[in-house]
Amino acid sequence: MPELPEVETIARTLKPQLEGRTILSVHLLWKRTLATPSPRAFASRIAGQKVLDVGRRAKFLHVRLSKDNLFIHLRMSGDLRVEKTRHKPAKHDRLIVDLSGNKTLVFNDTRKFGRVWLTDDPQDVIGGLGPEPFDPEFTPRILYSRLQAHRRQIKPLLLDQSFLAGMGNIYTDEALHLAGIHPLVESDKISLKKAEKLFYAIRTVLEAGITHNGASIDWVYRGGDFQNYFRVYGRTGEPCPVCRTAIKRINVGQRGTHFCPKCQRRI
DNA sequence: CACGAGACCTGTTCGC
DNA sequence: TGCGAACAGGTCTCGT
């Protein structure tokens, strides 16, 4: 799925296209796409609400409406576009939101993993999330103490959205390589110095991702080109950009994991 | 508490 | 060429 930089890119693109418009009607094409409320309540409640703001929290797109909050999670294959209102859904369209001014917000999601919530209390959806990587309150010291609070393999821990919000499989592999940390290292074995390095590595790779408008992989093309700057992700067997050692691929928590066996020692 | 496996889905690529 | 297996940017739930 889109990770933090891809969702940030989408949020920035949608913001000027959606703000100020009024929602006229919605058409739900795949029932399970809607997490809450019921399809009937969703349709009647959302109609007539105005879009006040569009933003991002972790990997959620947050659309603030006059009375409610619309949250959209793209999961693995979701995509969002604003188009001129049309009447025939395209392949894999799951939710159509008709807006004032002849525009339509289209949620297209091949694998049907994506979810949409409408709620008056944002905490219902995003209440359990960990710190936002770019939050000024989030510091290297805080990352260190949170790492010490667990004894878990570092990669799955970074992917845990309640530990840290927004990291996904690609940016985690990239950040661990930049910080020189093996993906299986136990979190409480990471020194303060290494935790600081990891903190800045996380911000660096996420920032680079945003600068490049995210990554476009396989058939999910969203315009970004960060895939051309991957250090290790998807580069199994290719030389490490730092030391030329062949990049290894292993499975960690059933996720493909790429790292340099020389730069990222297990210890 | 930490971890692995299985679900949820469709599509593409890999290996024989 | 063909066909099944493996794999894909995510997250939840269950069992050990």
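**Reading a protein–DNA model**

Student: Which strand has a phosphate oxygen 3.2 Å from a polar backbone atom of Gln153?

Tutor: DNA strand B. Remember that this is a predicted model. For a polar contact, look for N or O atoms within 3.5 Å. Gln153 offers a polar backbone atom at 3.2 Å from a phosphate oxygen of DNA strand B. Arg151 also has a backbone N or O atom 3.2 Å from a phosphate oxygen of that strand.

Student: How far is the side chain of His92 from a phosphate oxygen of DNA strand B?

Tutor: An N or O atom of the His92 side chain lies 2.8 Å from one.

Student: Which residues come nearest to DNA strand B?

Tutor: There are 13 residues around the strand, and Arg32, His92, Arg111, Lys112 and Gln254 come nearest. By class, this surface has two nonpolar, five polar and six charged residues.

Student: What part of the strand do they meet?

Tutor: Take the strand's atoms within 4 Å of the protein: 70% belong to sugar or phosphate, and the rest to bases.

Student: How is chain A divided?

Tutor: Into domain 1 (4–126) and domain 2 (140–259). Domain 1 gives 14 residues to the contact and domain 2 gives 15.

Student: How do I read their interface?

Tutor: Check area, then pairs. About 1,200 Å² is buried, with 62% from carbon and sulfur atoms. The rule finds zero salt bridges across the interface. Four residue pairs are in polar contact.

Student: Which elements of domain 1 give two or more residues to the side that touches domain 2?

Tutor: α1 (4–18) and β6 (78–84). α1 gives the most, seven residues. This side of domain 1 holds four nonpolar, four polar and six charged residues.

Notes:
Residues numbered from 1 in each chain as written. Chains lettered and ligands numbered in written order. Predicted model: local features only at pLDDT ≥ 70, side-chain atom pairs only at ≥ 80, totals over all residues. Heavy atoms only, no water. Domains from an automatic or database assignment. Contact = heavy atoms within 4.5 Å. Buried area = accessible area lost by both parts, 1.4 Å probe. Salt bridge = Lys/Arg side-chain N within 4 Å of Asp/Glu carboxyl O. Polar contact = N/O pair within 3.5 Å; in protein donor to acceptor, adjacent residues only side chain to side chain. Helix = DSSP H or I, 4+ residues; strand = E, 2+ residues; numbered from the N terminus. Nonpolar A, V, L, I, M, F, W, Y, C, P; charged D, E, K, R; others polar. Near = heavy atom within 4 Å.
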